[in-house]
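Me: I would like to go through the pockets of this protein and then look at a few individual residues, with the reasoning set out for each answer.

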Amino acid sequence: MLVTAENPAAARPLLTTTVAKEYVHRAALAEVFLTGWAKTGPASFRVSAQWPRSHSFYECENGLYDPLLLCETVRQTFPLLTHVAYDVPLGHQLSWSRFQYAVNPEAMRLERNPAELELHVTCSDVRVIRSLPASMSMHIEAVRDGTTLAVAHTRFGCHTPAVYHRLRAGRAGEGAFVNAPLPSPPVERTAVNRHRLRDIVLSPASRHGRWQLRVDTTHPVLFDHAVDHVPGMLLLESVRQAAHALQPFSPGMMPASMDATFRKYVEFDEPCWIEADPVADPVTETVQTGGGRQTVRVTAMQGDGLAFSATTEMVDTVP
């Protein structure tokens, strides 16, 4: 193409950047994984993302990306689209109610360049109050180089500041974050397949298969900014770590799929107890203690109630 004074755009290359960090509810630009979006239908969208080849928390083990990096990418997708596509104002609060994913381990492999992803998103079950969505579901197919990397489904609520303050019953604001107790002592690093003490989210308890949720509000990724309750990503990480701590898995085991339900907010000011149990094979009705796959059920209890529950399938990615 000829570059002339009449055609100055031809001289400018197509550049890539991230979406605004405010749209994905992050404080650090380095933690923004989404790079763009476009509307492809009445309720469908294409979101682009890039994964770094190395990350301080979502570690790449055995030459594979961490499935929890996918979870964070999806978590960024729903605030982005609610703000830019559904006109939800900044300052509204989003709350997870359901999240499911399954990854294709072969497509999770590290390569020479950062992974470029396309997320094909379809929104459904949109409940509207006063012209703004109050809740919705999203189905997401993540594609990398023409291959399906993962599928995910999520449902979440959107709350105005006034509604959120009523839901939180006096707990909204930064007071709970500022006054959060110091984190309890961590379990051993080898028990949860973590290399840094700060990344451990479980503390020892009185019996096998039970731990106290360890909440370190100084963690630079899990607590990228001040919040008034335990983030959903910390609860998802507790599922992975509880599965490892329940029995000695190979370091190559990854949470290849997860089905999680968020029932109520987990608070800072009282202990939250994580419990894990192996799930019996539906055909043999026995627990498979060896081999390359193991399904684990994890619950989070706080006070007298169930706050969170999830089932994950751990898959060995090392031949």
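**Pockets and two buried positions**

Reply: In this predicted model, the lining of the second largest pocket divides by class into seven nonpolar, three polar and three charged residues.

Me: Which element gives the largest share of the lining of the second largest pocket?

Reply: This pocket holds about 270 Å³ of space, and of the 13 residues that line it, the closest to its centre include Ile129, Cys158 and Val163. Strand 4 (115-129), strand 5 (132-144), strand 6 (147-159) and helix 2 each supply at least two lining residues. The largest share, three residues, comes from strand 5.

Me: Which element gives the largest share of the lining of the largest pocket?

Reply: About 1,000 Å³ of space lies in the largest pocket, and among the residues closest to its centre, out of 42 that line it, are His25, Gln93 and His229. The elements that give two or more residues to this lining are helix 1, strand 3 (93-103), helix 2 (161-168) and helix 5. The largest share, five residues, belongs to strand 3.

Me: Is His219 buried or exposed?

Reply: His219 sits in the loop between strand 8 (210-213) and helix 5 (232-246), where it touches Phe57, Arg198, Asp199 and Asp224, leaving aside residues up to four places away in sequence. Because the relative accessibility of His219 is 2% and the cut-off is under 20%, His219 counts as buried.

Me: Which residue has its backbone nitrogen 3.1 Å from a polar atom of the side chain of His219?

Reply: The polar contact cut-off is within 3.5 Å, and the backbone nitrogen lying 3.1 Å from a polar side-chain atom of His219 is that of Leu222.

Note on methods
Residues are numbered from 1 along each chain as its sequence is written. This is a predicted model: local features need pLDDT of at least 70, side-chain atom pairs count only at pLDDT 80 or more; totals for chains, interfaces and linings use all residues. Side-chain values use heavy atoms; hydrogens and water are left out. Helices (H or I, at least four residues) and strands (E, at least two) are DSSP runs, numbered from the N terminus. Buried means under 20% relative accessible area, exposed over 50%, partly exposed in between (1.4 Å probe, protein chains only). A polar contact is a pair of N or O atoms within 3.5 Å; within protein, one must be able to donate a hydrogen and the other to accept it, and residues adjacent in sequence count only if both atoms are side-chain atoms. Contact means heavy atoms within 4.5 Å. On a 1 Å grid over the protein atoms alone, a cavity is a set of points where a 1.4 Å probe fits but cannot get out, and a pocket is an open set with protein on both sides within 12 Å along at least five of seven lines; lining residues have an atom within 4 Å of a point. Grid points are joined across faces, edges and corners, and a volume is the space filled by probe spheres set on the points. Ala, Val, Leu, Ile, Met, Phe, Trp, Tyr, Cys and Pro count as nonpolar, Asp, Glu, Lys and Arg as charged, and the others, Gly among them, as polar.
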